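Please explain how this protein is organised inside, beginning with its enclosed spaces and moving on to its open pockets, one of its strands and a loop.

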Amino acid sequence: MTGERTGTAVDWVDPRGDPEAFARSRSISREAADLHLSSDVIDLHVDSFIWTRILGYDLRKRHGRGALGARFYSQVDFPRLLEAGVTGAAWVITTNPLRTSAGRAKAFFRNLVHLQAVLRSAPDALEIVRTAAEYRNARERGLHGAFVAIQGGNALDHDLSDYRKIPPGLVSRVTLVHLSSSSLGSTSSPMKARDEGLTAKGHDLVHVLNELRIFVDLAHVSKRGFWDAVKAHDPTLPLIVTHTGVSGVHEHWRNLDDDQIRAVAKSGGTVGIMYQSSFLGDAYWGGRAESIVRHLEHVVNVAGEDHASLGSDWDGAIITPRDLQTVSELPKLVQMLLDRGHSPERIRKILGGNYLRALAALRG
């Protein structure tokens, strides 16, 4: 399915219809364009739905760079995502910690209905998927595979049995904690009073997620909480860290150290590298996309090429590299990886193959 798709819920031009024009528009080689367009390109963390909730940001429309020049938001919409050749992504419901526990549960189920409605409003372009097999089926039909995810397990900490009320398989992963500590455990953020690791309820949530075959996502959790989760986790299932940097390139409270990377790899999981410039080691306003590549390379060097992935955090109130401000510029990463000597096979794994392998191991 190629060519212009107008008069539908989303107006966009399938880039596979003219790979040469795709290469020119992104200032990349035809080799990089062909590799990108023939690969599974899956982003482990897209936070755009938060702006739909707050500002009514319509993901079906082409927005450009927004009022702030693609800072903090307006980095993604469906047309730009599809035209950038992103074939799958985790669309995130982020938890508001300021609500009461009962209020968070009500808000979550309300937002779950809302997010599904948004994703299903463009059936010619996207399809909600639960498994690697469903994703592949969607892709064969020219559709973006949309995974649903939760950031902040305290969305349902009022009663963890509420996780069983979610339609089976609909939620692909849960980030245990976010930027604040909760009843589940401590955040990695310096805003925490102290690192108390996971609470008893946090351990219980890990067991519930294992039972339901939902990825336990260890982005944002404190170091002690990370290791508590590893200990509580079913060792036969893969762990995941969806959006992070690595301390081996830049020491930062938000980033994983090498032992943590190895623990994820040992489980069969993968580590998604995010695009916030300051976490990558660059100036807050002046990052470069090459820094993303350096963090990916460090994961490969520490744990092997089967455990590095993309986890942008697009629209998560981040400042992205100046040469990768929006999803439209994403194919430049492929060119950079090729220029630095990485093989097409390794690049395909980073773009999406590693996540699909881990997902298949978790739930088929």
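In this predicted model, the lining of the largest cavity is made up of six nonpolar, five polar and three charged residues. The space enclosed there amounts to about 180 Å³. Fourteen residues form this lining, and those closest to the centre of the cavity are R16, G85, V86, T87 and G142. Two elements, strand 2 (12-14) and helix 2 (30-37), each contribute at least two residues to the lining. The search of the whole structure that yields this cavity finds four cavities of 30 Å³ or more.

The second largest cavity has a volume of about 70 Å³. Its wall can be followed residue by residue: R53, I93, T94, T95, N96, R99, R104, A107, F108, N111 and A155 line the space. By class, four of these residues are nonpolar, four are polar and three are charged. Strand 4 (88-94) and helix 5 (101-120) each provide at least two of the lining residues. The largest share belongs to helix 5, with four residues.

Attention now turns from the enclosed cavities to the open pockets. The largest pocket has a volume of about 570 Å³. Its lining comprises 29 residues, and T94, Q151, H178, L179 and G316 lie nearest the centre. T94 also belongs to the lining of the second largest cavity. In terms of class, the pocket lining consists of 11 nonpolar, 13 polar and five charged residues. Helix 3 (residues 49-55) supplies three residues, the largest share of this lining.

The second largest pocket has a volume of about 190 Å³. It is lined by 19 residues, of which S188, V221, K223, W253 and N255 are the closest to its centre. The classes here are represented by six nonpolar, eight polar and five charged residues.

One of the residues nearest the centre of the largest pocket, Q151, leads to strand 6, which spans residues 144-151. How many residues of this strand are buried? Eight of its eight residues are buried, and strand 6 is accordingly described as mostly covered. The burial extends to both faces of the strand. On one side lie H144, A146, V148 and I150, and on the other lie G145, F147, A149 and Q151, all of them buried.

Strand 6 also has several pairing partners. With strand 4 it pairs in the parallel sense over seven bridges, and within this pairing A149 is the bridge partner of V92. Strand 4 is also one of the elements that supply at least two residues to the lining of the second largest cavity. A further parallel pairing, over three bridges, joins strand 6 to strand 5 (residues 126-128). There, I128 stands opposite A146 of strand 6. Between strand 5 and strand 6 the chain passes through helix 6 (residues 132-140), and the resulting β-α-β crossover is right-handed. Strand 7 (residues 171-175) likewise runs parallel to strand 6, to which it is joined by four bridges. In this pairing, I150 of strand 6 has V174 of strand 7 as its bridge partner. The residues named in strand 6 can thus be placed on its two faces: A146 and I150 lie on one side, and A149 lies on the other.

The final stop is the loop between strand 11 (308-310) and helix 12 (332-339), where D313 is located. The backbone of D313 has a phi near 70 degrees, a positive value in a residue other than glycine. Is D313 buried or exposed? D313 has a relative accessible area of 7%, and it therefore counts as buried, the cut-off for burial being under 20%.

D315 is found in this loop between strand 11 and helix 12 as well. Although D315 is not a glycine, its phi is positive, at about 65 degrees. With a relative accessible area of 0%, D315 is also buried. The loop that holds D313 and D315 thus contains two residues other than glycine with positive phi values, near 70 degrees for D313 and about 65 degrees for D315.

Key. Residues numbered from 1 in each chain as written. Predicted model: local features only at pLDDT ≥ 70, side-chain atom pairs only at ≥ 80, totals over all residues. Heavy atoms only, no water. 1 Å grid on protein atoms, 1.4 Å probe; cavity = no way out; pocket = protein on both sides within 12 Å on 5 of 7 lines; lining within 4 Å. Points joined across faces, edges and corners; volume = space filled by probe spheres on them. Nonpolar A, V, L, I, M, F, W, Y, C, P; charged D, E, K, R; others polar. Buried < 20%, exposed > 50% of the residue type's maximum accessible area, 1.4 Å probe, protein only. Pairing = 2+ DSSP bridges. Right-handed = clockwise from strand over helix to strand, strands pointing away.
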